[in-house]
Amino acid sequence: MKCASSFTLSKALNFGSLAARSLNSYISFPLKCSIRTVRMESNDNNGIVKVNDGGPRGAFVVLEGLDRSGKTSQSSKLLSFLEGLGHPTELWRFPDRTTSIGQMISAYLSNQSQLDDHTIHLLYSANRWEKSSLMETQLKSGTTLIVDRYSYSGVAFSSAKGLDFEWCKAPEIGLLAPDLVLYLDIPPEKAAERGGYGGERYEKLEFQRKVAECYQALRDPSWKIIDGCQPMEEIQKQFQEIVLDHVSACKKGRPLSHLW
């Protein structure tokens, strides 16, 4: 399966600009993604721009995976573990359903409203942008952020619907890049056996298979693939070991990075 349609990137970006303007009026306040002037340290082979901030900070850890892969349970356990060691830590989730944009997304996911695929994708992206400044502030204050789903989910789920892969990535450009992505790898068929499956719009087996394929196209060196079929305690142990290494590196002044 291909995660990109026949759209050219230029056409996709032009469409994105038109869609964003349309969305601007739809949500009744300006959708603006401001560009901050920064000192660039380097642009690595994956296209991630590093910012030469230099000071100690919290780590930015993202959990990704298919629906019902165990992200919510593991993120909560990881939060308790880090707090128990005295590391200031917060748990965030996207979409953040407490904001105006998040409430629109929540209505869509629970099948209470219908939106064009391009529109809902831009809403997801806007939901991340509206939290980006606070995210950076918290990280620089020394707080580690554990984030349940991020830009990778947005791109994987939208491209699985057939939207152009590069078009889906475009609205995410400039958002903070995580220091670590923990991907819980589980066969879609196994996830479908777990309690509560099918309660939301995207929890359909065939669609989840497509999402899994699109996730593979997003992997980069920041990703750690964890077998999600292992006992919960074993997954928890692996998470703890990996995350502590990154928390230590960020305290030593690892520079922040931006997508993509």
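## Helix α5, an enclosed helix

Let us start inside this predicted model, with helix α5, which covers residues 151-160. Of its 10 residues, 10 are buried, so the helix is largely enclosed by the rest of the structure. The buried residues are Ser151, Tyr152, Ser153, Gly154, Val155, Ala156, Phe157, Ser158, Ser159 and Ala160.

What do the buried residues of α5 pack against? Their partners include the strands β3 (60-65), β7 (180-185) and β8 (223-227). The helices α4, α6 (165-169) and α8 (205-216) are partners as well. Just after α5 comes Gly162, where phi is positive, at about 110 degrees.

## Two buried serines

Ser158 is a good residue to look at within helix α5. Its relative accessible area is 4%, which is under 20%, so Ser158 is buried. Setting aside residues up to four places away in sequence, Ser158 touches His121, Leu163 and Cys168.

A second serine, Ser75, has its place in helix α2. Ser75 is buried too, with a relative accessible area of 0%. Which residues does Ser75 contact, once its neighbours within four places in sequence are left aside? They are Leu63, Leu91, Arg93, Ile146 and Asp148.

## The chain as a whole

Now step back to the full protein chain. Its secondary structure comes to nine helices and nine strands. The chain has 260 residues, and 49% of them count as buried. The accessible surface comes to about 12,200 Å², with 51% of that belonging to carbon and sulfur atoms.

Contacts can also be sorted by how far apart the two residues sit in sequence. Among contacts in the protein chain with a separation of 6 or more, 80% are between residues 24 or more positions apart.

## Where α3 meets α4

Helix α3 spans residues 100-109 and helix α4 spans residues 117-140. These two helices pack with their axes 9 Å apart, at an angle of about 140 degrees. Why do they count as oblique rather than roughly antiparallel? The term roughly antiparallel is kept for angles over 145 degrees, and α3 and α4 are therefore oblique to each other. Their crossing is left-handed.

On the α3 side, the contact is made by Ile101, Gly102, Met104, Ile105, Tyr108 and Leu109. On the α4 side, the residues are Asp117, Ile120, Leu123, Tyr124, Ala126, Asn127 and Glu130. By class, the residues of this contact divide into nine nonpolar, two polar and two charged.

## Where α2 meets α9

Another helix pair to find is α2 (residues 71-84) with α9 (residues 232-251). Their axes come within 10 Å and cross at roughly 55 degrees. The helices α2 and α9 are therefore oblique to each other, and their crossing is right-handed.

Helix α2 brings Ser73, Gln74, Lys77, Leu78, Phe81 and Leu82 to the contact. Helix α9 brings Met232, Ile235, Gln236, Phe239, Gln240, Val243, Leu244 and Val247. Nine of the residues in this contact are nonpolar, four are polar and one is charged. As background for reading such lists, an α-helix has 3.6 residues a turn, so residues three or four places apart point the same way.

## Backbone details to look for

Where are the cis peptide bonds described here? One joins Phe94 and Pro95, with omega about 0 degrees. Pro95 lies in the loop between β4 (89-93) and α3. Another cis bond runs from Leu259 to Trp260, with omega near -5 degrees. Trp260 is found in the segment after β9 (257-258).

Arg68 is not a glycine, yet it has a positive phi of about 65 degrees. Arg68 is found in the loop between β3 and α2, and with a relative accessible area of 34% it is partly exposed. Asn111, also not a glycine, has a positive phi of about 65 degrees. The place to find Asn111 is the loop between α3 and α4. With a relative accessible area of 44%, Asn111 is partly exposed.

Key. Residues numbered from 1 in each chain as written. Predicted model: local features only at pLDDT ≥ 70, side-chain atom pairs only at ≥ 80, totals over all residues. Heavy atoms only, no water. Helix = DSSP H or I, 4+ residues; strand = E, 2+ residues; numbered from the N terminus. Buried < 20%, exposed > 50% of the residue type's maximum accessible area, 1.4 Å probe, protein only. Contact = heavy atoms within 4.5 Å. Areas by Shrake-Rupley, 256 points an atom, 1.4 Å probe, with all protein chains shown as cover. Axes fitted to C-alpha atoms, helices over the stretch in contact; angles between N-to-C directions. Parallel < 35°, antiparallel > 145°, perpendicular 65-115°, else oblique. Left-handed = near helix turned anticlockwise from the far one by under 90°. Nonpolar A, V, L, I, M, F, W, Y, C, P; charged D, E, K, R; others polar.
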